[in-house]
Structures are given as structure tokens and as C-alpha cells.
There are 2 protein chains.
Amino acid sequence: MIYQQISYETLLEFTKSVFLQMDCSIHDADLASKVLVAADLRGIDSHGVARLSGYIRLWEAGRINTTPNIRIIHETPSTAVVDGDAGLGLVVAPYAMKIAIEKAHQVGTGWVSVQNSNHFGIAGYHAMMALEHDMIGMAMTNASALVAPTFSTEKMLGTNPIAVSIPAGEEPPFVADFATTTAANGKLELLQKKNSDAPLGWVQDEFGMGSVDANILKKGGSLLPLGSDREHGSHKGYALGSIVDIFSAVLSGASYGPWAPPFPAYVPMPENMPGKGLGHFLGAMRIDAFRPASDFKMHMDNWIKRFRAAKTSEGHEHVLIPGDPERIIAEQRAKEGIPIQDIVVNDLKSIAGKMGLSF
Amino acid sequence: MIYQQISYETLLEFTKSVFLQMDCSIHDADLASKVLVAADLRGIDSHGVARLSGYIRLWEAGRINTTPNIRIIHETPSTAVVDGDAGLGLVVAPYAMKIAIEKAHQVGTGWVSVQNSNHFGIAGYHAMMALEHDMIGMAMTNASALVAPTFSTEKMLGTNPIAVSIPAGEEPPFVADFATTTAANGKLELLQKKNSDAPLGWVQDEFGMGSVDANILKKGGSLLPLGSDREHGSHKGYALGSIVDIFSAVLSGASYGPWAPPFPAYVPMPENMPGKGLGHFLGAMRIDAFRPASDFKMHMDNWIKRFRAAKTSEGHEHVLIPGDPERIIAEQRAKEGIPIQDIVVNDLKSIAGKMGLSF
């Protein structure tokens with residue numbers, strides 16, 4: 001694959017101008033572009049500008065409302081349900097996370113379940129919003145069904161990611177952000193583009209047999225839950241993905257399981273949807289609702305240093321802390337620019353042409 | 001292995017009489033025995049009466065205080081930190097869960113981190129306490145270090161389980177309860193007793209190479225995080241186990257990571273422990289803090305029925321819902337008695353002899 005090195009600022013400005021063309025307010029265009037391009041910056045290329053045309057197609061199909069009336073429809077001191085009014089998840093999720101943070105300021109923790117939303121970019125962005133408030137942040141979302149439960153051959157769950165961010169002191173924060181599948185769909189798409197096989201344990205065929213065909217999802221196959229098979233704990237990955245689905249969608253009144261609205265605009269909406277749009281679940285816990293933040297951060301530094309210094313197996317210099325790989329890539333890409341695949345560059349150029357923008 | 005069929009009531013009464021002999025109050029002996037024998041009833045044999053002698057040895061070593069002053073040392077409307085005063089985790093965890101439930105009644109959710117505790121039995125018991133209140137329950141705990149992070153050869157984390165219980169309507173509740181490793185240590189112990197090999201992906205040797213030796217933990221090896229290896233997502237299992245460790249122990253002021261106190265009383269306590277005892281994290285979310293409980297339960301029934309009816313791979317009649325296997329075993333064992341291995345029966349007889357009880 002051929003890449004072009006493009007600066008973070010260039011990508012951000014272009015993405016913002018696209019969202020403005022989609023009738024987003026300046027505030028929303030600014031926010032949505034920051035969330036989207038954070039994925040490219042942090043090395044999660046599948047969730048960044050590569051998806052911009054997908055969002056546009058959903059907007060053209062009338063499935064995304066770029067002037068939404070996002071609002072709280074139910075709340076208690078520590079909880080809320082937000083109706084995203086079919087808005088961009090990139091805007092709805094930060095709105096909901098702000099409510100979670102505000103509630104955590106008030107009563108120690110805040111938990112917001114969201115209905116009627118769309119794809120929200122990388123979960124890590126929203127979870128990390130809590131860090132500057134000395135809070136632990138959490139974000140999860142359901143998604144188009146691509147994953148078969150243990151013993152099943154049917155796509156019932158999305159890759160349903162979980163992100164948890166935890167502040168530290170001198171050390172960088174602990175930031176876990178992962179799909180509840182063995183491999184994220186983005187990694188599979190990368191293999192498809194390279195015409196490479198997938199490792200056994202990532203996908204299965206239409207009969208539930210393990211497969212190495214990276215294109216098997218188009219042939220009735222499915223992604224496998226974290227754990228790959230029953231003997232290696234796939235029932236745990238299936239349970240995790242289910243918990244994300246239930247917290248995000250059943251708790252909020254969004255559409256769940258196999259009825260989650262698909263991201264590709266050409267895929268018809270499921271029939272008899274039991275709720276509205278996609279669902280998210282966002283949480284914030286104030287550290288000093290448990291112990292003084294300075295104590296906690298000192299112990300987190302100790303935790304991180306001890307784990308980083310754990311004995312390694314051959315070929316590995318040190319043990320990584322969740323968030324290390326993304327942070328290292330982000331520092332490098334902020335300096336050197338972000339490598340964007342030619343196919344994505346062409347996609348962005350075609351968007352620019354269609355919208356009368358320059359790229 | 002040879003088993004004896006023993007009734008739930010017999011096991012419960014005997015266990016209670018043992019805890020009374022350990023100077024527990026009647027209330028605590030009653031509660032601790034219910035929590036412990038719930039493991040045998042639900043088929044998680046490694047966490048039931050098979051561990052009773054282990055608890056006694058910890059008590060004899062002065063590491064368990066059977067007349068603890070369990071108390072809240074910090075709180076906000078939605079959070080608390082509990083000091084277990086070195087009590088039995090079997091008693092401390094339900095105390096903390098009750099506080100979480102009470103806070104959820106008040107402000108929508110309740111979150112309690114616990115320091116200075118001991119092994120708390122099965123996580124599922126505590127999470128399920130929320131169900132009768134129409135709440136979602138959560139329970140996690142850190143534990144003796146047996147698990148190596150991705151790229152490491154050092155035991156840094158416990159098998160750190162997560163339990164989440166979710167109420168339904170006509171359907172039985174959704175109850176996930178799993179170690180954040182590929183296989184729980186109890187499953188490995190079972191293979192040790194049978195002199196059988198472990199599947200590749202459960203454990204590694206002292207050099208970090210995959211192994212099938214069920215006894216490898218005694219030879220410098222370690223359990224592997226859910227996902228088994230990097231290519232199959234072990235960094236996700238490692239992140240999950242770390243989150244459990246941090247929520248349970250760093251947030252509460254318990255001892256974390258490789259410093260978690262060991263369950264076997266003959267293993268010396270780690271030097272320079274950074275906190276007190278084991279840690280737990282318990283949570284409760286009131287359903288109607290999000291949407292009316294009757295709506296939610298109707299949709300949970302729909303969710304469960306749809307997943308149970310998903311297409312299956314050959315040899316599987318239907319897809320299981322988390323909690324199905326344990327519930328089916330519990331119903332059977334309540335009627336027919338609980339099969340207890342001869343080696344465990346002998347252990348219980350020896351406890352009875354030592355304590356002047358009959359078994």
C-alpha cells in the first residue's frame with residue numbers, strides 16, 4: 001500500500017470544512033473533526049478519515065441529522081438517558097460524557113446511557129475526557145452486528161468496544177480501548193486490502209468452522225468474540241460484548257443485538273427495530289470520591305512503573321501499559337504527519353470535489 | 001476421581017458450624033457459608049467447600065479476622081470505600097454490596113471499593129444481590145498473582161474475575177461471572193488432579209513459551225490473560241485484569257498487582273505491600289434510573305429470546321445466555337445433591353475431627 005504523509009492540522013481543517021458543508025454548527029463541526037481525526041493521530045486508522053465518506057453517505061441517506069436537538073430524557077443525581085436525535089455519534093457522545101462528568105462532580109460518579117445515536121469514532125476519546133477532571137472515564141458503544149456468539153453461526157453483536165481511562169501522576173494515563181472481539185474489524189479490513197490471510201481464531205465460516213479467509217464475512221462468516229473458541233474463553237468475550245450491548249442499547253432504548261443499525265448506508269435498516277438508533281454508555285468516577293487524588297496518582301505511578309519493569313519474554317524490551325502504543329504513535333504523528341493510504345487520499349479528494357472544497 | 005453426593009443443606013450446615021468454631025458471629029457464619037456453598041451449588045467447585053480448609057489456615061495464621069469491625073472510611077452520595085478489617089471476604093463483600101444497593105436506591109447508582117479484605121468466594125453471588133432490587137449488579141476482586149501480562153514472564157495479576165448480573169422479566173437473569181484469564185485457575189487445578197495436559201493457550205513456561213503442562217505454575221510458569229497471545233488479543237485480557245486490579249485495590253487502598261496477599265497461608269506475605277489486604281469493587285445501578293423497569297425487562301426478555309434462538313453451529317442445540325450453565329447445574333444439584341470429590345470429603349472430615357464437629 002502507498003501512503004501520503006499529511007499533517008494532523010490539514011486533516012483536521014479539511015474534516016471540519018466537510019462537517020460544515022453537512023450543515024453542522026461550527027461547534028459541532030469542530031468537535032466532530034477532533035474526535036474523528038484523534039483516531040488517525042492515535043494509529044486507529046480504521047476509525048478516522050477513512051470513515052468520513054461513510055458518515056456523508058449516512059447523512060445523504062437521511063440517517064444522520066446534523067442539526068440535532070440532543071437532550072436528556074430521564075435523569076437521577078448519578079444517571080441520565082440522552083436522546084441523540086439521530087445526530088453524529090462524534091457529537092452526541094461528548095455531550096453525554098460531559099453530563100457524566102458533571103454528575104460525578106456533584107455526587108461522585110455519573111453514568112449516561114444514550115439512544116438514537118450513530119457511530120461515535122474511537123471509544124478512547126470519550127473515556128479520556130474524564131482525565132483532566134481527575135476522574136476515571138469509561139465509554140462503550142454497540143455497533144452493526146458482525147460477531148457470532150459462542151456456538152452460533154449468526155451475526156448477533158457488534159465489535160462493541162470498551163474504553164477505560166485512568167489518571168496517573170508523573171506517568172502517562174492508563175488508557176485501555178479495545179473491541180470485545182479477538183481482532184477489531186479494522187484489522188480484518190487491513191488484511192482484505194493486502195489480500196492476506198487472517199490468523200486462525202479471528203473469524204469463522206458460515207458453518208461455524210475456524211477460517212483464515214479475511215473476506216469470510218461477505219460469505220456468511222462472522223468475527224469471533226475475544227477468546228476465539230469455547231476452550232479459549234470465547235464465552236467471556238461474548239459476555240463482554242453482550243454487556244456492552246445491554247448497557248448501551250437496552251438500558252437507553254436504542255436498537256440492540258442483530259437490530260443495531262448498520263454503518264454502511266447501502267445496507268437496509270433491520271426490520272422491526274426494538275429501539276432508536278445506536279446506543280452508547282459513558283461513565284465518570286471522581287477519584288477523590290474514593291481516596292485523595294494525590295494518593296491515588298502516586299499509587300498509579302507505582303503500579304505503572306512496576307508493570308513496566310516486569311520481566312519480559314525474549315524479544316521484548318519491556319511490558320507495555322494499556323495506552324502506550326497509541327500515545328507513542330500520536331507523539332510521532334503529531335511531529336511527522338499522519339500516513340494516509342492513497343485509496344483514502346483519493347476518497348478525500350473526491351469528497352472535496354463533490355463539496356467544492358480543496359484538499 | 002470419585003465423588004460423594006452431598007445435599008446442599010448438609011454442606012451449608014457443616015460450613016456454618018465451622019465458621020462458628022472460627023469465632024464468627026451467627027450472622028457472619030450464616031452469610032459466609034451461604035456465599036461459599038453457592039459456588040458448589042452453581043458448579044464452580046474450585047471456589048466452594050474445597051477452599052474451606054484454606055480459609056481456616058489463613059485464620060490460624062492470623063491473616064483473617066473473624067470478628068472484624070467492617071466500616072465505611074470515605075463516602076459521597078454514589079460512592080464509598082469500605083475497610084474490611086481483615087475480615088472474611090465472604091462477609092465483607094456482601095456488606096459492601098448492600099451499601100452500593102442502598103446508594104443506588106438514593107441516587108441511581110452505588111459504587112463501593114473495598115480494602116483490607118480476603119478472598120470473597122464467587123463474584124457472581126455478590127453481583128446477583130442486586131437482582132431482587134431491580135438493579136444491575138457488578139462485582140470484581142483482585143487476587144494472588146498468577147497471571148503474566150502480554151510480553152511478560154512474571155506473575156503480576158490475579159485471575160481477577162468480573163461478574164455482571166442483569167435482571168430480566170419472564171426469562172432468568174443474565175449473569176456473567178468469569179476470570180479475566182483464558183481459563184480460571186480452578187480449571188487448571190482440575191487438570192492437575194487428573195494428571196491431564198492443558199490446552200495450548202492457557203499457560204506459558206518460565207520463558208514465556210506456550211505450554212501444555214498443567215503443573216507449569218509450580219515451575220516458574222504463569223496463567224495467560226484472556227486471548228492467550230498478542231495475536232489473539234491477550235493485551236485485552238491483560239487490560240481487563242488490570243482494570244479489575246486498579247478499581248479493586250488502587251482505588252480503595254488495598255494491595256495491588258504482584259503485592260496482592262496470597263491465598264495459601266504457607267506463602268509468605270509480599271514485602272513492601274503498598275496497601276492493606278485484598279481489594280474488591282462492587283456496583284449497583286437501579287434500572288429505573290435509566291428507564292422504567294418493566295420496559296427494560298420486556299426488552300431483556302426479547303434480547304434473551306433472540307440470542308437463544310440464534311442459528312447454531314453443528315452439535316449445539318441452542319446458544320447459551322451467560323448464567324445458563326450455572327443455573328441449570330444449580331437446579332439439578334438442589335434436587336440431587338452436590339457431587340463432592342473424595343479428596344474434599346476427606347478434607348472436610350479432617351476439619352470436623354480437628355474442630356470437634358461431625359461430618
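Which residues point one way from S6(B), and which the other way? B:Ile162, B:Val164 and B:Ile166 take one side, B:Ala163 and B:Ser165 the other, and all are buried (20 or more other C-beta atoms within 10 Å of a residue's own, with C-beta atoms placed from the backbone). Strand S6 of chain B spans residues 162-166, and 5 of its 5 residues are buried, so the strand is largely enclosed by the rest of the structure.

This is a predicted model: local features need pLDDT of at least 70, side-chain atom pairs count only at pLDDT 80 or more, and totals for chains, interfaces and linings use all residues. Residues are numbered from 1 along each chain as its sequence is written, while chains are lettered from A and ligands numbered from 1 in the order in which they are written.

Strands here are DSSP runs (E, at least two residues), as are helices (H or I, at least four), numbered from the N terminus. Two strands pair if DSSP finds at least two bridges between them.

S6(B) pairs antiparallel with S7(B) over 5 bridges. Within S7(B), B:Ala176 is the bridge partner of B:Val164. S5(B) and S6(B) also run antiparallel, joined by 4 bridges. There, B:Ala139 stands opposite B:Ala163. Strand S5 (residues 135-141) of chain B is joined in turn to strand S11 (residues 278-286) by 7 bridges, again antiparallel. B:Thr141 has B:His280 as its bridge partner in S11(B).

Now the whole sheet. It is open, has 7 strands and mixed pairing, and follows the order S2-S3-S4-S11-S5-S6-S7 in chain B. Strand S2 (71-76) and strand S7 (174-178) are the edge strands, each pairing on one side only.

How values were computed
Buried ≥ 20, exposed ≤ 12 C-beta atoms within 10 Å, placed from the backbone.
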